[in-house]
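Open the model in your viewer and keep the selection tool ready. We will move from one stop to the next.

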Amino acid sequence: MARTAEDIHEKYPLDGKALRLAADGTPSMIGLECGDCGTKAFPPVPVCPDCMSENILEFNLSDKGSLYTWSVVHVAPSGWKVPYISGYVDLPDGVRVFAHIVGTEPEQLEMDMDVELTTAVIGHNNDGPVETYAFKPVLG
Ligand SMILES: [Zn+2]
């Protein structure tokens, strides 16, 4: 049986409406496309952020993108691992996603470098590990 984002949500405080996991655990982010104006965005919300339409369609966003920019964060809420890297990733779908950048050191990052979707434990809270979507550099 495929793990779903709802399954993760039971174990971790991950928004179950933004991420889907395939049977092998491969994540995909769920985007929204407005059926009226064509705006695409992430995460999906019930109302178009551009025209306020409720005619919203969900689709799987690309799992690869390019790193637009990033920052190293040294101060975070209690339980979060620091330092961590947060950044904006541009997806070919036309959506810019704010996410943790993992599996690398800040010195290795370059603007527009190829990154791909993954999941990562970014900290812990009273319920256990906090897992969320993240991006990592494409190697090779
Ligand atoms: Zn719209």
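The tour below starts with the whole chain and ends at a single residue.

**Before you start**

This is a predicted model: local features need pLDDT of at least 70, side-chain atom pairs count only at pLDDT 80 or more, and totals for chains, interfaces and linings use all residues. Residues are numbered from 1 along each chain as its sequence is written.

**Stop 1: the whole chain**

Show everything as a cartoon. The protein has 1 helix and 9 strands. Helices (H or I, at least four residues) and strands (E, at least two) are DSSP runs, numbered from the N terminus. Along the sequence, the pattern reads α-β-β-β-β-β-β-β-β-β.

How much of the protein is buried? Of its 140 residues, 21% are buried. A residue is buried if 20 or more other C-beta atoms lie within 10 Å of its own, exposed if 12 or fewer, and partly exposed in between, with C-beta atoms placed from the backbone.

**Stop 2: confidence**

Now colour by pLDDT, the predictor's confidence in each residue, from 0 to 100. The protein's mean is 87, and 88% of its residues reach 70 or more. Which element has the lowest mean pLDDT? Select residues 5-11: helix 1 has the lowest mean, 44, while strand 5 has the highest, 97. Over residues 6-14 the pLDDT is below 50, and this stretch has 20 contacts in the model beyond near neighbours in sequence. Two residues are in contact if their C-beta atoms, placed from the backbone, lie within 7 Å. Where pLDDT is low, the predicted coordinates should not be read in detail.

**Stop 3: strands 1 to 4**

Select residues 19-21 for strand 1 and residues 27-34 for strand 2. Strand 1 and strand 2 pair antiparallel over 3 bridges. Two strands count as paired if DSSP finds at least two bridges between them. Find Leu21: its bridge partner in strand 2 is Pro27. These two strands make a hairpin with 5 residues between them. In its turn, Gly25 has a positive phi of about 90°.

Next, add strand 3, residues 40-41. Strand 2 pairs with strand 3 in the antiparallel sense, over 2 bridges. Leu32 is bridged to Ala41 in strand 3. This hairpin also has 5 residues between its strands, and Gly38 takes a positive phi near 85°.

Then add strand 4, residues 56-60. Strand 4 pairs antiparallel with strand 2 over 5 bridges. Two bridge pairs to click are Cys34 with Ile56 and Glu33 with Leu57. Is strand 4 well covered or hardly covered? Strand 4 is hardly covered: of its 5 residues, 0 are buried.

**Stop 4: the barrel**

Select strands 5 to 9. A closed barrel of 5 strands runs 5-6-7-9-8, with mixed pairing. On average, neighbouring strands of this sheet are turned by 35° against each other, direction ignored. That angle is taken between axes, which are lines fitted to C-alpha atoms; for helices the fit covers the stretch in contact, and angles run from 0 to 180 degrees between N-to-C directions.

Walk round it:

- Strand 5 (residues 64-73) and strand 6 (residues 84-90) run antiparallel, joined by 7 bridges. Ser71 has Ser86 as its bridge partner in strand 6.
- Strand 5 also pairs antiparallel with strand 8 (residues 114-125), over 3 bridges. Ser66 is bridged to Asp114 in strand 8.
- Strand 7 (residues 96-101) and strand 9 (residues 128-137) pair in the parallel sense over 2 bridges. Ile101 has Phe135 as its partner in strand 9.

**Stop 5: the core**

The largest nonpolar core has 24 residues. Such a core is a set of buried Ala, Val, Leu, Ile, Met, Phe, Trp, Tyr and Cys residues joined through C-beta atoms within 7 Å. Select Met29, Val89, Val97, Ala99 and Phe135, which have the most contacts inside this core. Strands 2, 5, 6, 7, 8 and 9 each supply at least two of the core's residues. Strand 8 gives the largest share, 4 residues.

Zoom in on Phe135. Among the residues it touches are Gly65, Val89, Ala99, Ile101 and Leu117.

**Stop 6: Lys136**

Move to Lys136 in strand 9. Why does Lys136 count as partly exposed? Because 15 other C-beta atoms lie within 10 Å. Its contacts include Val102, Thr104 and Glu116. Finally, draw a distance to Ala120: the C-alpha atoms of Lys136 and Ala120 are 9.8 Å apart.

Definitions and conventions
Lists of a residue's contacts leave out its neighbours within four places in sequence.
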